[in-house]
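Colleague: Could you take me closely through one part of this model, the packing of one helix against another, and then connect it to the strands, the loop and the ligand shell elsewhere in the chain?

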Amino acid sequence: MAQNDAFLSEIKEGNTFKGDYITLGAAMLNEQAIKNAFVNIPLKTLNRHGLIAGATGTGKTKTLQVMAENLSEHGIPVLLMDIKGDLSGLAKSGDANSKITERHDKIGFPYAPKAFPVELLSLSEQDGVRLRATVSEFGPVLLSRILDLSDTQSGIVSVIFKYCDDHALPLLDLKDFKKILQYATQEGKKEFEEAYGRISTASTGAILRKIVELEQQGADLFFGETSFDVQDLLRLDDNGRGYINILRLTDIQDRPKLFSTFMLSLLAEIYTTFPEQGDTGRPELVIFIDEAHLIFDEASKALHDQIESIVKLIRSKGVGLYFVTQNPTDVPEAVLSQLGLKVQHALRAFTAKDRKAIKLTAQNYPISEYYDTETVLTSLGTGEALVSALDEKGRPTPLAATMMRAPMSRMDILTATELEALVTASKLVKKYNDTIDRESAYEMLNAKIKQAEAEQERAKTTRKSTTTSSRKSTAMNPVIKVLTSATFIRSVFGILNKVIKK
Ligand SMILES: Nc1ncnc2c1ncn2[C@@H]1O[C@H](COP(=O)(O)OP(=O)(O)OP(=O)(O)O)[C@@H](O)[C@H]1O
Ligand SMILES: [Mg+2]
């Protein structure tokens, strides 16, 4: 008993904070929850990013749900990447059952079922607010990174953007971009050559193929208008609770490239538009990425670097990023080393490789006189996790095997009718869901080509024999030429350039 008392007082002391906090559950000793030994996370450190890991079915997604609810109650908006489609239940109140009340009895507070303000978002044709961005906003650097282009090809992309800037041609969707790319080596070949130097068809062909590949992953639905204003992620409901924005990505599992494209553009957009955060003691927005391995799996080295940099930088904007995945090694080392909160659910030791992974994982946790971390990692039950957090001064709180509280909202998903009602009631859906195809590069270039053809026709009929003076192209390396242009520095693009140089 003496050990229990000492443990309880250590946990209590380590989990008492000046400012506001959220409660995850109660600390456990010898596989039993210690009543009232609450494990709390100060709001102040929630922009320090985190990881929720563990074998399948151990409770990662429910932990995410619990955290999202508690943040919302504190007036902090949340964005969830719902890859498996199992989070819509947040919009409805949970149902108490004997298992849940028993869990909460052990933790030491009653179970209070509640519904939360939810907005459904989508990248494709699923119901919910359509998230889109224009190619112009995306910028040449990000587009080249996503397409995994060579330096020469990236140079051409920059030239294309520059040309569109100079000629006021809006690049809205991929159709626009493909059109101008073709134009640069066909009808507009001469014009481009004179202004920027020769652009090889081999290179534009390679870029086109990469765009088609991206389109096959559904990117044509993502690029276009109306582009999403990230400020709309920060809404509160009438009771001051933060909106839980659920991005439904069930159809994205086999399209990792589109997912990483979107994630990176979203983070870049947030980074450029959110003000630098003073010492408010709480995050502005918390983003959870379930099945996070999907962003990293197929990302190129360049994209990895970009993600790492932006993860580091976005913290100062008051944005916390939480990666949810089975194995901590799914997240790159450079990202892992930046995480403040770690919630590690049970790991399974089936193979020698598993045992090695467990040993490694255990080494990454603070030493505790109460636990043998390796043993705890394999003996945790469902909805239990090893929690390592930071206090308000950024020091680690006492390591705690934790019995997690149950979500207050429904653990199951919404029915089709409930989903429909939610979408129908949404104000944002009305704002974003009309597809606009206003006049952009595609239409303007087509008109230009038509006009040129008509002029040529006219010239042919009047001209008998004229010698065309061939002007020598003052060809300059296209990349250098564009890099010296002032218009080159645009929002996302400029920032990413800075990031790359760091
Ligand atoms: N905090 C909790 N309170 C009550 N029940 C829980 C809790 N966590 C997990 N469970 C139970 O465990 C089940 C599995 O949890 P969850 O879906 O979160 O696992 P997961 O780790 O996300 O699995 P996967 O890797 O397959 O996505 C839940 O359906 C629920 O019944
Ligand atoms: Mg899950």
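Modeller: In this predicted model, helix α5 (residues 140-147) packs against helix α6 (residues 151-166) at an angle of about 145°, and their axes lie 9 Å apart. The crossing in which α5 passes α6 is right-handed. On the α5 side the contact is made by Pro-140, Leu-143 and Ser-144, which meet Ser-154, Val-157, Ser-158 and Phe-161 of α6. Sorted by class, this contact of α5 with α6 comprises four nonpolar and three polar residues, with no charged residues.

Turning to the strands, β11 (residues 384-388) has five of its five residues buried, so the strand is largely enclosed by the rest of the structure. That burial applies to both of its faces, since Glu-384, Leu-386 and Ser-388 are buried on one side, while Ala-385 and Val-387 are buried on the other. β11 has a pairing partner in β10, with which it runs antiparallel, the two being joined by four bridges; within this pairing, Val-343 stands opposite Val-387 of β11. β11 also pairs with strand β12 (residues 400-404), again in the antiparallel sense and over four bridges, and here Ala-385 stands opposite Thr-402 of β12.

From β10 one can move on to the loop that lies between β10 (341-345) and α15 (352-363), where Leu-347 is found. Leu-347 counts as buried because 24 other C-beta atoms lie within 10 Å, where the cut-off for a buried residue is 20 or more. If its neighbours within four places in sequence are left aside, Leu-347 is in contact with Gly-54, Ala-55, Ala-357, Ile-358, Thr-361, Leu-377 and Thr-378. Lys-317, by contrast, is 30 residues from Leu-347 in sequence and 34 Å from Leu-347 in space, taken from C-alpha to C-alpha.

As for the ligand shell, 16 residues surround ligand 1, and the closest of these are Gly-59, Lys-60, Thr-61, Lys-62 and Gly-383. Helix α2 (residues 60-73) supplies the largest share of the shell around ligand 1, namely four residues. By class, the shell around ligand 1 is made up of nine polar, four nonpolar and three charged residues, whereas the contact of α5 with α6 has no charged residues.

Methods. Residues are numbered from 1 along each chain as its sequence is written. Chains are lettered from A and ligands numbered from 1 in the order in which they are written. This is a predicted model: local features need pLDDT of at least 70, side-chain atom pairs count only at pLDDT 80 or more; totals for chains, interfaces and linings use all residues. A residue is buried if 20 or more other C-beta atoms lie within 10 Å of its own, exposed if 12 or fewer, and partly exposed in between; C-beta atoms are placed from the backbone. Two residues are in contact if their C-beta atoms, placed from the backbone, lie within 7 Å. Two strands pair if DSSP finds at least two bridges between them. A residue is near a molecule or strand if its C-beta atom, placed from the backbone, lies within 6 Å of it. Ala, Val, Leu, Ile, Met, Phe, Trp, Tyr, Cys and Pro count as nonpolar, Asp, Glu, Lys and Arg as charged, and the others, Gly among them, as polar. Axes are lines fitted to C-alpha atoms, for helices over the stretch in contact, and angles run from 0 to 180 degrees between N-to-C directions. A crossing is left-handed if the near helix is turned anticlockwise from the far one by less than a right angle, and right-handed if clockwise.
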